[in-house]
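Here are my notes on the model, point by point. Please read them with the structure open.

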Amino acid sequence: MRIDLHTHSVASDGTERPAEVIASAVAAGLDVVALTDHDSTRGWDEAAQAAAALGIALVRGAELSCRLHGRSVHLLAYLHDPQTPELLAEAEQVRTARVDRARRIVGLLARDMPLTWDDVLAQTGDEATVGRPHIADALVARGHVPDRSAAFDELLATGSPYWVPHYAPDAAQAIRLVLAAGGVPVLAHPGAVLRDAPVSDAEIDALVDAGLAGLEVDHRDNDEAQRARLRAAARRHHLLETGSSDYHGTGKPNRLGENLTSAEVLAEIASRGRLEVLR
Ligand code: AMP
Ligand code: FE
Ligand code: FE
Ligand code: ZN
């Protein structure tokens, strides 16, 4: 079984439509794929139709933006009821804050280079969760940088002079909301050294107390030392260990199926989630 539990479509900051992500998952030889757009479930219906038509199992999920001791962390939620009012309200508040924050980033960049908010809108689909990747695409279109990754290397890097944070719920609070919505909360890329500081063992302990169910151990942004630390933490707390690609279409080098999750872990997620895996 080839199971990849973390992908993005144009419903957040991926470059493919939800149906295209599903088709790409089939072409990559996956048996099961999860669609986990940032702060949104707008891609679920299209993905579900495509998955049924193409004969691949679909795990409906999302990747929620959170804050943890002042920095940004991501929480994967699987098989939750997206209409649960508290969780829906948080996601919508984050999406609104993201637009405001993106406009501020563009305002800062525009002092130093030709760039307008319309440039960003031209790169942003109707259903997108606006983020730095769309600003990156606008910078590429203007010829300021060759690709998204180059934009993130300096101009859009966390802590750059053009960087602005946005509102997001505290990670422990987000975990409680996901659980209340019947979902399975898994901390995304907790050992990502290229982003902010990795999530520490003490922080993981506190999130487990809030109800965290799993850690995304096998992800390209967790180096080998981080993966070993995360595996030890997962064993200590009996957490689920997942592996995923974090596919963004052509927006990132991450390839579908480059990291995988075991059938045993998927079965556990399926048994705990309020929604079913669509097969
Ligand atoms: P934001 O959500 O606006 O803070 O932007 C973070 C998003 O940018 C992440 O979800 C990634 O998808 C994307 N991202 C981060 N680093 C890179 C990179 N080096 N190249 C392409 N996309 C990136
Ligand atoms: Fe992303
Ligand atoms: Fe993420
Ligand atoms: Zn992601």
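1. Donors here are N, O and S atoms within 2.8 Å of the metal (3.2 Å for Na, K and Ca); water is not among the atoms, so sites may look incomplete. Along the chain, the donors of the iron ion (ligand 2) are spaced D-x24-H-x209-H. Asp13 sits in the loop between β1 (3-4) and α1 (18-27), and His38 in strand β2 (residues 32-38). The two are 25 residues apart, so this pair links distant parts of the chain. Helices (H or I, at least four residues) and strands (E, at least two) are DSSP runs, numbered from the N terminus.

2. This is a predicted model: local features need pLDDT of at least 70, side-chain atom pairs count only at pLDDT 80 or more, and totals for chains, interfaces and linings use all residues. Residues are numbered from 1 along each chain as its sequence is written, chains are lettered from A and ligands numbered from 1 in the order in which they are written, and side-chain values use heavy atoms, with hydrogens and water left out.

3. Which residues coordinate the iron ion (ligand 2)? They are Asp13 (OD, listed twice), His38 (NE2) and His248 (NE2), at 2.2 to 2.8 Å. The iron ion (ligand 3) lies 5.6 Å from the iron ion (ligand 2).

4. Asp13 and His38 are both buried (under 20% relative accessible area, with exposed over 50% and partly exposed in between; 1.4 Å probe, protein chains only).

5. Arg227 belongs to helix α9 (residues 224-237). Its relative accessibility is 12%, so Arg227 counts as buried.
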